[in-house]
Amino acid sequence: MRLQAALFLAAWVAPAAAVYLDEVNHVDFHHALLGTPSPDSTFFLKPPSSSNASLLYTISDRLTAGAVNPRDGSLLWRQNLSRSDGPAAGFLRGEDGNNAVVGAAGGYVSSWGAHDGKLIWENHFTDGVVADLELLALQDASAKSDARDSIALLAADGTGIVRRMGADSGNIKWEYKDDGGDVPFQVSSSSTEVFYISLQSALLKGYKIKVTALDPVTGRQTRQLTLNSENDVATPESVLFVGANTASPLIVWADKSQKTVKVNVIGTKQVNSVTVDNTSGEEIKRITVHAPHKLNSLPHFLIHYATATGAWAEVYHVDLKSSEVNKAYQLPYLQGQSTVATSSIDANVYFTRITGSEVVVVSSASHGILNRWPLQSSSSDRALNAVAEVVSRGDSVAVRSATLLDSGDWQLIRNGQAEWTRHEALIGTMAAAFAEADDQEDLAHELEVEGHESLHGAYIHRVKRHLRDLQHLPDWLKELPKRIFSSLLTDEVTNLDSFGVSKSVILATENGRVYALNTGNQGKVSWSVKAAEAAAWNVKAIVTRPGVATIYPDDGSSVSVDVSTGDIIARTPPTNVKVHSIAVVDTESSPLPVTLSIREDGTPAASFEDKDGFLVTTSVDGRVLGWLAQDNKSPVWEFVPPVGQKVIRATARPAQDPVASIGKVLGDRSVLYKYLNPNLALVTSISEKDHTASFYLLDGVSGKVLHATTQKGVDTTQPIASAMSENWFAYSFWGDISSERSSKGYQLIISELYESPFANDRGALDSAGNFSSLHSSSVDGLPLPHVESQAFIIPEPISHMAVTHTRQGITTRLLLCTLPSSNSVIGIPRPVLDPRRPVGRDPTSAEAEEGLFRYAPFLDFDGKWFLSHGRDVSGITTVLSSPTLLESTSLVFAFGGDIFGTRATPSEAFDILGKSFSKVQLLLTVVALGVGVAVVAPITRKKQINMLWKA
Amino acid sequence: MSQPLPPPPPPQWVVALNSPMPNPTKAASSIPDPPGFSSSKAVGKQREKQQKDQQPTTSKPEETDALKIKKAWEIAIAPSKQIPMNAIMMYMSGNSLQIFSIMMVFMLFKGPIQGLFNTNAAFAKFDTESTRAKLVGVKAVYVLMQLGLLALGIWKVNAMGLLPTTRSDWLAWESERQPLERAYFAFS
């Protein structure tokens, strides 16, 4: 016990030391994600710098603007532009040689440094949302820097406002307001004019396209044109393209039958009709127009026609004088998918066509193929869109293109070879679970067989098993020298993959895909598969057993995938039950855990056979219900919070929560017994009116409230997180001043449950070996716990809490907290959060021996607690923890926005050799000793014999 | 056959050995012995004289027994003289688990236990027919004294916290109470 106390003390002295520098990217990994890139706002851009390298900029569907290094796909910077809830379109514009990119989302327009992502200026508009954003091609003669002014179109109900904002400060230079009731559509600019394009409702149906030309300096209207498009343009989506910043900006739309495409050079009345030359005999699914965005580019553009099975493209030239459009050549019809990207070098325009099998680059001037590469890795995923950058090297050209695939992967293909892939769909991870490969399953099964046999039979069985294992011996021996040398020579941290630190994490994303990440390999995606039959699904849970992971969406169906390959093993059809949650029940009757769907009103969809099994569910309307296993018709008990309160969260002890010691040894070596009950549930309910948060500790079998506490002055709009493990629970909230004694700030409260307030006392049940919540001998039923609580003021809100798990629960636990305001994940050591820390006095020697130290109300987050150290881990909603074969080590995996994983060693890695342990030195010492003995032994022997003679 | 040869004359050194040392010359005897050298003849004479003096005292059996019992008492009491010294040493060495204190405690236990096992051996030379009855009491005191030393060791071990006397020492053998019912949670 004394030894344990000493260990405990040692654990406290060096709690959860931060990750060492050489372990970064070895023990932890981080996928910094942007989200699905928006096709219109993704571009290569060369920021002004000494290097000539260009960066890849985009704004995602999550309204995160960012820059990606095209060489390795690493994220250089990102900024979230969403300032209000609700869907909004994001725009990002930039110009070569310009040190700023301008982004807009909702009513928020901001300019960011292209290199570092630092804010240059920002504007909040409340009178509309940004419908379009352009950079003005030409700048004023008075402008000092080469930065470009931006023009934003704000759309409100029936009103369109065009604003020009200065490049350096974002101040509004002029404003043009159109309150004629038109639908504000886009802005475009030529070298001399700014065009405001709106859609005017025609009398009967459709829209007329109205073009208003504005003076770029004053913003005054110079002229107005209306194009008769009402027969073709039914909705704003019917307009295919409004060209931006080309020498001849275009408006392109197609008629409803998609027989002809109408092209108008903005600023002219003339509408050119192009007949679609459809030789494929199939219906055209999609028409896209690709045109260069640079002012000095040739006025060429490409129209891409895609049918269900193939695609072709036509290249057109615009005659600047007559504003006529002439077809130059055609890219042939090819089966399969195809996307086109435009890029330009000086005035030359290049089109890059990416098909399923090859990448082809053509110049806009002639149909001759400049270069062609076969695609090395042809993926089955369809490419949705692409941006490309063409570099000319003498006669030939090189191209790299960033392609967004149907799967949500963003892939850079350089000269036909896939350079990197960013799995942007992972940002929409809805559920995740640790999975184990089934290679351990065989051994576990064999051991189980041995356990059930007689002593003699088990012995024979084991000998046979070991003889069978001998067939692996030659391989093992062959591997041995390599293993020894690699462990001696490599400078790396010891490879611990065989100790269960290399696990698969199965993730289900919003777009119906399932991914497997390997925690031992920097979180690389080992496979991904489209598992949902629909485009999207709402996953409720992933349940894993060795070898198989089963995903449960909310429609009542389920998909089972093989953990190691991603093959879909089984699929059950959807039921008409809207699933609220999933219960996993270990019954004795079946070898595998049974999963039950819970309806939204909290009723289980089925009953299960378990004599002493109870089920606790929550309903959408905020009740907690308890059910008997055999009966899914009427609940056994129901917990309804007091009037005015609603249940927002319920949490229980993890299913696997091993407890190493059932008591806490005090300084005088007496024992405070822990109140351990696996059926506990912690229910959080809030009252928005009274600004209170209540926490109820329920017994899951009887529904009895074991402990309840209400916090006053709680801001219920701020995150309230809670977690539970062993004999303690913790929660945090924003507390406001409600009385003289209370304090204002984010609070973290920890409560420990004991069987009795007295040491060496096991409470009412005393030495009973088991207990029952229902058939208790005492009148009150289950005895109540003795609760010790303590509150801490913390510097930041906590949005989610979890607890580390280790194999046997001996290691100190960490309270894993997600900090949304600093985008990090921290692990607070439990000894720090001890409610028994002495208040207002120094600890006595007995308390000090126990590891207690003086209570301080303000708990500053130590830098060493940050598991994410310097990483910017944003958007985390859930943190998972899994034990490894090493007692000291716990795997931590966080998802929701970014993906982050690490290994937590709360009491230091006490069961593995550290890096400072030199195996070479040890071997050299042994060798030196051996040599010493070999040399000295004959000398000593000779001397002893001589002494015998002399005597 | 020839006449057996007469035995050869003994060698010179045999003659010298057998014949007494010639008296030293007057001049030689006046040379003083080197410092630290004592004439064997003189010491031998003294020792003979001493032995002659003692021999008459040991001749009486009653006196011998009394002496033996006295000696036996001395041996029996001897361990008690170690107790104060050991107590101070144990007190000074502290209660922490260190190599020195562990070694000292080990020695503290080793001495009395060995002593207890060798009780009869320790008094064997005083054990005669006549003293046997008297020696029983002496042996009992000896055993008590050794037990006193052992008690000191146990006190020390207890102070070091090595004796399982508190509740926490038996905590590992206490088991968690098992619930008869099991609740499964389905929280979303």
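**Figure 1. What covers the buried residues of helix α5 in chain B.** In this predicted model, the cover over the buried residues of α5(B) includes two other helices of chain B, α4 (61-93) and α7 (132-159). The residues of α5(B) that lie beneath are V105(B), L108(B), P112(B) and G115(B), which are buried. Looking down the axis of α5(B), you will find its buried residues within an arc of 110°, so they line one face of the helix. Turn to the face pointing away from that buried side and you meet exposed residues: I99(B), F100(B), M103(B), F106(B), M107(B), K110(B), Q114(B) and F117(B).

**Figure 2. Helix α5 of chain B from end to end, with the confidence of its chain.** Helix α5(B) takes in residues 99-117, which makes 19 residues. From the first C-alpha to the last, α5(B) reaches 27 Å, close to the 27 Å expected at 1.5 Å a residue. Among the elements of chain B, α5(B) also has the highest mean pLDDT, at 90. Helix α3 of chain B (residues 40-54) has the lowest, with a mean of 51. Where pLDDT is low, please do not read the predicted coordinates in detail. Chain B as a whole averages a pLDDT of 81, and 87% of its residues score at least 70.

**Figure 3. The place where chain B touches chain A.** Here 21 residues of chain B are in contact with 43 residues of chain A. Two strands of chain B, β1 (178-179) and β2 (182-186), each supply at least two residues of the side that touches chain A. Which element gives the most to that side of chain B? It is β2(B), with five residues. Sorted by class, the side of chain B that touches chain A has eight nonpolar, six polar and seven charged residues. For the complex, the predictor gives an ipTM of 0.81 and a pTM of 0.85.

**Figure 4. A strand of chain A paired with a strand of chain B.** Strand β44 of chain A (residues 613-618) pairs with β2(B) in the parallel sense. Five bridges hold the place of this pairing in the model. To find your way in, start at G613(A), whose bridge partner in β2(B) is R182(B).

**Figure 5. Two hairpins in a row in chain A.** Strand β39 (residues 548-553) and strand β40 (residues 558-562) of chain A run antiparallel and are joined by four bridges. Within this pair, T550(A) stands opposite S560(A) of β40(A). The hairpin has four residues between its strands, and G556(A) takes a positive phi near 90° there. Next, β40(A) runs antiparallel to strand β41 of chain A (residues 568-572), again with four bridges. S560(A) appears here too, with A570(A) as its bridge partner in β41(A). In the hairpin of β40(A) and β41(A), five residues lie between the strands, and G566(A) takes a positive phi near 90°.

**Figure 6. The surroundings of V579 in chain A.** V579(A) is found in strand β42 of chain A, residues 579-585. Is V579(A) buried or exposed? With 25 C-beta neighbours inside 10 Å, V579(A) counts as buried. Leaving out residues up to four places away in sequence, V579(A) touches K540(A), Y552(A), D554(A), G556(A), S597(A) and I598(A). One of these, G556(A), is the residue with the positive phi in the hairpin of β39(A) and β40(A). As for W121(A), 458 residues away along the chain, its C-alpha atom and that of V579(A) are separated by 46 Å.

**Figure 7. A loop glycine, G158, in chain A.** G158(A) sits in the loop between β11 (150-156) and β12 (159-165) of chain A. G158(A) counts as exposed because it has 12 C-beta neighbours inside 10 Å. Setting aside neighbours within four places in sequence, G158(A) is in contact with D179(A) and G181(A). The C-alpha atoms of G158(A) and D182(A) are separated by 5.6 Å, although the two residues are 24 apart along the chain.

**Figure 8. Chain A as the setting for the close-ups above.** Chain A comes to six helices and 63 strands. Its C-alpha atoms fill a box of roughly 115 × 90 × 55 Å along the principal axes. Chain A has 951 residues, of which 41% count as buried. Of the contacts in chain A between residues at least 6 apart in sequence, 51% join residues at least 24 apart.

Note on methods: Residues numbered from 1 in each chain as written. Chains lettered and ligands numbered in written order. Predicted model: local features only at pLDDT ≥ 70, side-chain atom pairs only at ≥ 80, totals over all residues. Expected span 1.5 Å × (residues − 1). Buried ≥ 20, exposed ≤ 12 C-beta atoms within 10 Å, placed from the backbone. Arc of directions from axis to C-beta. Contact = placed C-beta atoms within 7 Å. pLDDT = per-residue confidence, 0-100. Nonpolar A, V, L, I, M, F, W, Y, C, P; charged D, E, K, R; others polar. Pairing = 2+ DSSP bridges.
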